[in-house]
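Let us take a friendly walk through this model, stopping at a few places that reward a closer look. Please keep the viewer open as you read.

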Amino acid sequence: MTTGKHAAAFGQALENLAVVMENRMPAHVHLVPHPTAAEALIGGTSPRVMSLDGRFQFVLVPRPGAVPEDLFSPQADPTEASPLSPLFSSVSFADVPGHWQLQGYGAPHYTDVQYPFPVDPPRPPSENPVGCYRRAFVWEQPEGTGRTHVRFLGVDSAFQVWLNDVAVGYSEGSRLTAEFDVTDAIRPGANLLVVLVAQWSKGSYLEDQDQWWLSGIFRSVDLLARPAAHIEDVWVRADFSPAGGRLQVTVRPAEAADAGPTAIRLALHHKDGTVVWSEERPAASVEETVVADLPGVRPWTAETPFCYDLVVELVDARSGRSLEAVRQTVGFRTIRLQAGLLTVNGVPITFRGVNRHEIDPDRGRGVTVASMEREVKLMKRHNINAVRTSHYPNHPAFLELADRYGLYLIDEADLETHGMELSDHPNLLSDDPAWEALYVDRLERMVARDRNHPSVILWSLGNESGFGRNHRAMAKRARVLDDSRLIHYEGDRDGAVVDVLSRMYLPVERLREEGEREEPRPFILCEYGHAMGNGPGGLEDYWAVIESLPRLQGGFVWEWKDHALHKPGYPADTYFYGSDFGTEPNDGSFVVDGLLFPDGQPSPGLAALKKAIEPMRVIAADWEQATLSCRNRFDFRSLAGLILEAAVYEDGVPAGTSRIPLPDVPPGGFGVISVPLMKEGRGSSSLRWLHVSLREPEATPWAEPGHEMAWADVIDPRPAESRVTAAAPRRLPVSARQHGDHVVAACGESRLTFSTAEGRLVAWTHAGVPLIAGSPGLTVWRAPIDNDVRAARHWRAYGVHRLLRDLRRVETVTDGAAFELRTEERYAPAGFMWALKATVLYGLQPTGRLVIEIEVTPEGDGPDTLPRLGLEWRLPTEFANTCWLGLGPEETYADSQAQGRLGIFERTVDELYVPYVRPQEHGNHTGTRSLSVSRPGGPGLFVSAPSLFDWSLSRFGAAALERARHRHELEPDAALHLRLDAGQHGLGSASCGPDPEPAHRFYNTARRFSFTLSVR
């Protein structure tokens, strides 16, 4: 193999700050050229676009200097199957779009903050793998073609293009479009495209986002056939005011001296196919701007995403023949700062958003349009109205979907230098004028590509890159290119250039302080609610503050989807994270932090978010008047036209239903809803409540008819009007016999064996069937969740995970009517003086019920909080069915209870399992009134308590969950684990954000609780 001019030029460009690009065409809006206006309006595939996606011949070399010159030889037979002889004895391939690390070349590498290479900007490491892509294709030039372009939608990290051994150009900026004119290099028939992609470049210092480092051509590659005179760019500005819409269209045609005179035809189409407005005028030599006032158009918002289609056609002025046509989505809306608030069409909005990376467990960032559409529909079904494209411009199709379905976007520049913080120079690159051109280039290309999308509300100057002169230059350039939007950048803490201030992961009280601060600009949480593993908790607390202070205009949960990847040879439900690919340094499972599991299925955290941001909230109930007071949390929609489905439940049994058309409660307003059903069916039930559900009566683009948007459970506080005297429970004699250091207590068909030596219940049978598989015991530990990162450190420092039981006293009492075993116990870790003193009473009553009363008192200087406190039972594995009255069916914790509906629910132990990528505590249920755990066709245990309790049932104990690093490493224990708890510590967001709010922490204080168990 030989090296030469190709590798030399490429290698030099990778570290030269003066080289941002070579021969790349000026940035412009994403266009799909069609031969005629009619075809452009229909959309879809175009005969003037040839996709080069597919299998490329591929070789990975260790550094630019190792790129073989023979690679560029055009002598090979131009078919995909032709070998790269004499380079290879066999042909290797890579798929485009795709990342080579996910196709068997190298390994995925995950870091959060730290750069994965030595920090010496602008130099990439000398050992810098280069992916050499080679594609032979046949070009059948469409009629009328005058220019041919090749367009790359995304290549990581820097690349150079050669066509038929002609140098085409060079580009950086991994998540941005790069387009090159290849007219002089392409030829009819056989062609050879060669693309060199460097894993690292100077641009890598600007792409240190919290995600996988993955390389290659990961978005589509297209050849565009353009007439000599064609549409180079279109800028659409569609403003809205009470008077209607104002449409401003600027068309920049490409110059073609020999093409003759041309004209521009513009037509704005309603979704019903009618033409709302049209105009034709001669094409200017540079650009042409047309302005039209359209009083009858409908506005665009995320809640009412009404879109029009603008078709721009370039025609021969003499014959009227169409030369080229393109379509752009138009939404009429105006973004302004008014009275210190961000407004859309004059109305302050609230971002109910998420941060979204592009990720797929097999394709990495090479996501498909179909998967994007599924995600957008799922967002809409969960009341999400906004996305921050963290931390780079997303695929152009995602923006189109946001336009059509209705999402507000913070479009973020492909810029993050987070790793510079570890060198104590967070502003080093951002304040260095030598890097200014690279910073501004990324901003220009984003704005030029995306400025026609109504969904884009804010331009973001990047993420976690300190702050400096280069951000000022970006902001200045953004306002020149597009002054119709506002600017965001969290790193601009002093508000030097931004219109909207933001912070990440503020505790609730700090957020309240920010909302009360005198400041003429609004505030958002660009990241909050870190959804890593089991969580986030506390979303309701955030939203209570957000809605109480107008300056707080919402936030974006971190983040939308887990980033775990597949590995060849493993089942499809097996996922891997940062420390699983042999790469150093790495940040382990920190990349698994989404509201969706890697396969796109919602986690319980998404249900919690949907509830926290639901568009209608019941705030009071008047049972005597049969009315509900509600707040409309929409920004633009009235509640009129929506349906409220209502049902009254008595002790969990439906007692009546109704369907109520809602009145005209204006957006942001309060209203009263009459629910006559509240007066009906009141009887002797001990628990009566009203469940209401807000629903869309008709189908929407993202949901079926009847889609639920919000719900509430309202308990009737009044006592029952009458009481039916219940039959007295059957009373049976209780016997107790001593057998050495065991006592067998019996009542009816139940036999309970207690060890007086151990002070425990060691066996329980009913009609000869074992009900337990081991002694219940007082426990406080849980398998730490990802959000326990600080709490678990605190607990471990006090030895909470290794408490030892010290039995101090055992006493038994029997009088023929009942049996009692009372113990005094002390739980403490070796080496510490603090402890939990416990008094436990087991009482077998003549009704056959087992009552367990527990009193726990801390002593000494112990931890502030505990993970949990309760009894853990081991049950035979066949006791796999549960039925409970309480909150469900999703798991709930102290700070995620709002997502739990009140009802009677049935689940198997396997359905209760929550498949977090890294196993951890899961499946808890708060607010429980009663619980049964049973086996098919046999007796089961029924649990009740004088106060609400927590419970969970799992095949895995805390030790097994804590030991496993991945879900596929979990081995079921020999028995099921039933936990009955007085309470648990909240979830919080401390894997990156704050601990649970004080009200949701499980403090280490004196507690008394009890449970009653019976056989049913």
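**A walk through the predicted model**

The buried residues of helix α4 are P396, A397, F398, L399, L401, A402, D403 and Y405. Keep in mind as you look at them that this is a predicted model. Helix α4 spans residues 396–405, and with eight of its ten residues buried, the helix is mostly covered. What do these buried residues of α4 pack against? Their partners are the strands β22, β27 (386–388), β28 (408–412) and β29 (456–460), together with the helices α3 (369–381) and α5 (436–450). After α4 comes G406, and its phi is positive, near 100°.

One of those partners, β22, leads us to our next stop. Strand β22 covers residues 322–330, and S322 belongs to it. Is S322 buried or exposed? Its relative accessible area is 16%, and buried means under 20%, so S322 counts as buried. The side chain of S322 has two polar partners worth displaying. A polar atom of this side chain lies 2.8 Å from the backbone oxygen of P35, and a polar contact of 2.9 Å links the side chains of S322 and E313. Setting aside residues up to four places away in sequence, S322 touches P35, T36 and A37, as well as E313, L314 and V315.

Now move along to a pair of helices. In general, two packed helices are described by the angle between their axes and the distance between the axes. Here the pair is α7 (residues 508–516) and α8 (residues 539–546), whose axes come within 10 Å and cross at roughly 15°. Angles under 35 degrees count as roughly parallel, so α7 is roughly parallel to α8. The crossing of α7 and α8 is right-handed. On the α7 side the contact is made by V508, L511 and R512, and on the α8 side by D541, Y542, V545 and I546. By character, the residues of this contact divide into five nonpolar and two charged, with no polar ones.

Step back along the chain from α7 and you arrive at Y505, in the loop between β31 (501–504) and α7. Y505 counts as buried because its relative accessibility is 10%. The side chain of Y505 is joined to that of E527 by a polar contact of 2.8 Å. Leaving aside neighbours within four places in sequence, the contacts of Y505 include L525, Y528, H530 and W558, and also C992, G993 and P994.

From Y505, try jumping to S589: the two are 84 residues apart in sequence and 19 Å apart in space, C-alpha to C-alpha. S589 sits in the loop between β33 (552–557) and α9 (604–612). With a relative accessibility of 13%, S589 counts as buried. Apart from neighbours within four places in sequence, S589 is in contact with M532, Y577, D786 and R918. The loop between β33 and α9 also holds P585, and the peptide bond joining E584 and P585 is cis, with omega about -10°.

Another cis peptide bond runs from V96 to P97, with omega near 0°. P97 lies in the loop between β4 (93–96) and β5 (109–111).

Finally, take a look at some backbone torsions. N23, in the loop between β1 (21–22) and α2 (37–42), has a positive phi near 65°. N164, in the loop between β9 (158–163) and β10 (166–172), has a positive phi of about 55° although it is not a glycine. N23 counts as exposed at 56% relative accessibility, whereas N164 is buried, with a relative accessible area of 9%.

Key:
Residues numbered from 1 in each chain as written. Predicted model: local features only at pLDDT ≥ 70, side-chain atom pairs only at ≥ 80, totals over all residues. Heavy atoms only, no water. Axes fitted to C-alpha atoms, helices over the stretch in contact; angles between N-to-C directions. Helix = DSSP H or I, 4+ residues; strand = E, 2+ residues; numbered from the N terminus. Parallel < 35°, antiparallel > 145°, perpendicular 65-115°, else oblique. Left-handed = near helix turned anticlockwise from the far one by under 90°. Contact = heavy atoms within 4.5 Å. Nonpolar A, V, L, I, M, F, W, Y, C, P; charged D, E, K, R; others polar. Buried < 20%, exposed > 50% of the residue type's maximum accessible area, 1.4 Å probe, protein only. Polar contact = N/O pair within 3.5 Å; in protein donor to acceptor, adjacent residues only side chain to side chain.
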